2 protein chains.
Amino acid sequence: MLPEDNILFKGVDQSDCRRMISCFNPDIRKYKSGSRIAEFSRENDRIGIILSGRAVMERYDINGVRTIVEALGEQSVFGAFFTYSPSIRSVIEIVSETDCEVMFVKRSEITKRCENACPCHSRVVENLLELMSEKAINLSERIEVLSQRSIEDKLISCLQIIEDKTPQGKTPLIPFSTTALSDYLCVNRSALQREITRLKKNGILTISKRKFRLYHNKEQDF
Amino acid sequence: MLPEDNILFKGVDQSDCRRMISCFNPDIRKYKSGSRIAEFSRENDRIGIILSGRAVMERYDINGVRTIVEALGEQSVFGAFFTYSPSIRSVIEIVSETDCEVMFVKRSEITKRCENACPCHSRVVENLLELMSEKAINLSERIEVLSQRSIEDKLISCLQIIEDKTPQGKTPLIPFSTTALSDYLCVNRSALQREITRLKKNGILTISKRKFRLYHNKEQDF
DNA sequence: AAAAATCTGTTGCAATTGCAACAAGGAGGA
DNA sequence: TCCTCCTTGTTGCAATTGCAACAGATTTTT
């Protein structure tokens with residue numbers, strides 16, 4: 001992927017972009033599937049952007065319980081700047097699900113006044129603002145799911161959000177295995193399985209592999 | 001409160017600040033305790049900053065169940081730009097807990113290139129970026145709490161976060177009533193009460209009114 | 001192709017949580 | 001001051017969820 005296709009440089013023309021890239025001094029790295037891309041214990045100032053591949057942000061608490069915080073696809077951004085675990089209570093890690101290519105930039109490089117006085121610099125800051133906003137919205141949706149009081153409601157609310165984001169005509173796709181989904185919903189896997197089976201029986205849900213369809217036969221319709 | 005004390009204008013000197021204020025054309029309003037300050041169904045572009053007073057961001061789902069998303073104090077920022085409920089699934093509202101003074105600014109006013117070419121303008125954008133970052137961290141902490149699997153763990157993790165944010169020497173303070181706290185932790189009130197009573201009995205927690213102390217006698221110590 | 005590892009689907013049982021109802025305490029308004 | 005409304009604290013019972021264990025399916029590695 002060319003740097004100028006990157007969302008951080010959206011709207012910046014190619015030559016400016018190259019100049020800025022040298023200015024930001026980014027670090028592009030490749031990772032094999034299953035490797036640890038980053039850990040938010042101490043690093044504070046690095047922003048990572050997934051150029052290719054898929055990864056997940058996960059947290060392990062002191063008891064070793066895993067929670068999947070977010071699924072990261074191409075163009076997803078992560079970093080302590082966005083979401084950050086301030087204490088020893090838990091560790092947040094980014095782990096690749098497929099082979100990945102990741103670009104790291106220092107936030108301070110972006111924010112600082114550019115000595116070359118790039119006029120396009122401020123465009124990048126705006127893009128960063130936009131990304132932050134998206135991230136906040138994602139986290140907010142995550143909270144919406146987790147604040148549901150039952151497994152059924154958590155699952156449905158999660159699937160509805162995925163549905164809403166799926167382009168017209170495409171089949172909505174769960175970005176996790178069922179096991180991982182239970183870590184995302186923060187519930188027991190077999191209890192989740194039980195609910196899925198029940199919803200299928202009642203004709204509210206069909207799932208095959210990671211594709212699904214929801215039939216909103218309930219009071220949600222209005 | 002003078003505008004130049006506002007975090008959005010941090011680091012901008014007074015005369016620049018006044019110029020910019022006229023440029024941003026902010027809307028400052030007062031609210032009585034218990035009023036609805038904002039609702040995120042349609043408004044998309046307004047950022048609110050609490051100048052004085054306290055408020056909460058709450059969500060009501062289709063069944064009327066309330067969730068407290070966030071406690072907002074002085075200098076807190078809110079808006080669909082930060083956290084936004086994209087669908088009819090639920091409604092997010094900002095409700096004042098005390099009398100409040102709130103400043104609204106259009107996000108596009110901040111982001112747009114200023115025709116007066118304020119050099120300090122970019123400082124404001126950076127401040128906004130900083131605020132966004134804080135917001136993301138808050139949401140992230142919220143997720144940390146909600147992803148705990150039991151009421152006990154939710155409560156403790158919530159109290160630890162409050163403790164960590166409390167300045168040395170001060171007594172940590174829960175920003176909610178117990179009833180509201182249960183809406184924040186997304187659990188049943190009497191079940192939460194039961195846990196609190198149990199933790200008190202076991203000497204892990206003391207609470208009087210909203211002040212509390214945690215005694216980390218458990219395996220957390222290391 | 002075989003072996004290993006991981007994921008799916010199920011179930012009985014135990015533990016936790018939600019619900020409803022009620023008594024008592026406190027805050028604020030008439 | 002009294003009255004109302006809201007919060008706290010408690011409890012028995014019901015419902016939901018977690019846990020453990022297992023079998024079969026699927027995927028990955030060797």
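**Entry 1: DNA strand D**

I looked up which helices face DNA strand D in this predicted model. Helix H6 (189-201) of chain A, helix H5 (178-185) of chain B and helix H6 (189-201) of chain B each supply at least two residues of the surface near DNA strand D. Helices here are DSSP runs of H or I with at least four residues, strands are runs of E with at least two, and both are numbered from the N terminus. I count a residue as near if one of its heavy atoms lies within 4 Å of the molecule or strand.

I then listed the neighbours. There are 19 residues around DNA strand D, and A:Ile151, A:Asn188, B:Thr179, B:Gln193 and B:Thr197 come nearest. Sugar and phosphate make up 51% of the strand D atoms that come within 4 Å of the protein. I sorted the surface residues by type: three nonpolar, nine polar and seven charged. Nonpolar means Ala, Val, Leu, Ile, Met, Phe, Trp, Tyr, Cys or Pro; charged means Asp, Glu, Lys or Arg; the others, Gly among them, are polar.

Next I checked distances to phosphate oxygens of strand D. A side-chain N or O atom of B:Thr179 sits at 2.7 Å. For B:Thr197, a polar side-chain atom is at 2.9 Å. For A:Lys209, the value is 3.1 Å, again from a polar side-chain atom.

**Entry 2: DNA strand C**

I repeated the search for DNA strand C. It is surrounded by 19 residues, the closest being A:Thr179, A:Gln193, B:Ser150, B:Ile151 and B:Asn188. H5 and H6 of chain A and H6 of chain B each give at least two residues to this surface. Of the strand C atoms within 4 Å of the protein, 50% belong to sugar or phosphate and the rest to bases.

Which base atom does B:Ser190 approach? A polar side-chain atom of B:Ser190 lies 3.1 Å from a base nitrogen of strand C. I also noted A:Thr197, with a polar side-chain atom 3.0 Å from a phosphate oxygen. A:Thr178 uses a polar backbone atom, 3.3 Å from a phosphate oxygen.

**Entry 3: a sheet in chain A**

I traced an open sheet of four strands, E1-E8-E3-E6, with antiparallel pairing. Strands pair if DSSP finds at least two bridges between them. E1 (27-31) and E6 (77-78) are at the edges with a single partner strand each, so one side of each has no neighbour in the sheet. Five bridges join E1 to E8 (residues 100-106). A:Lys30 has A:Glu101 in E8 as its bridge partner.

**Conventions**

I number residues from 1 along each chain as its sequence is written, and letter chains from A and number ligands from 1 in the order written. Local features need pLDDT of at least 70, side-chain atom pairs count only at pLDDT 80 or more, totals for chains, interfaces and linings use all residues, and side-chain values use heavy atoms, without hydrogens and water.

How values were computed:
Polar contact = N/O pair within 3.5 Å; in protein donor to acceptor, adjacent residues only side chain to side chain.
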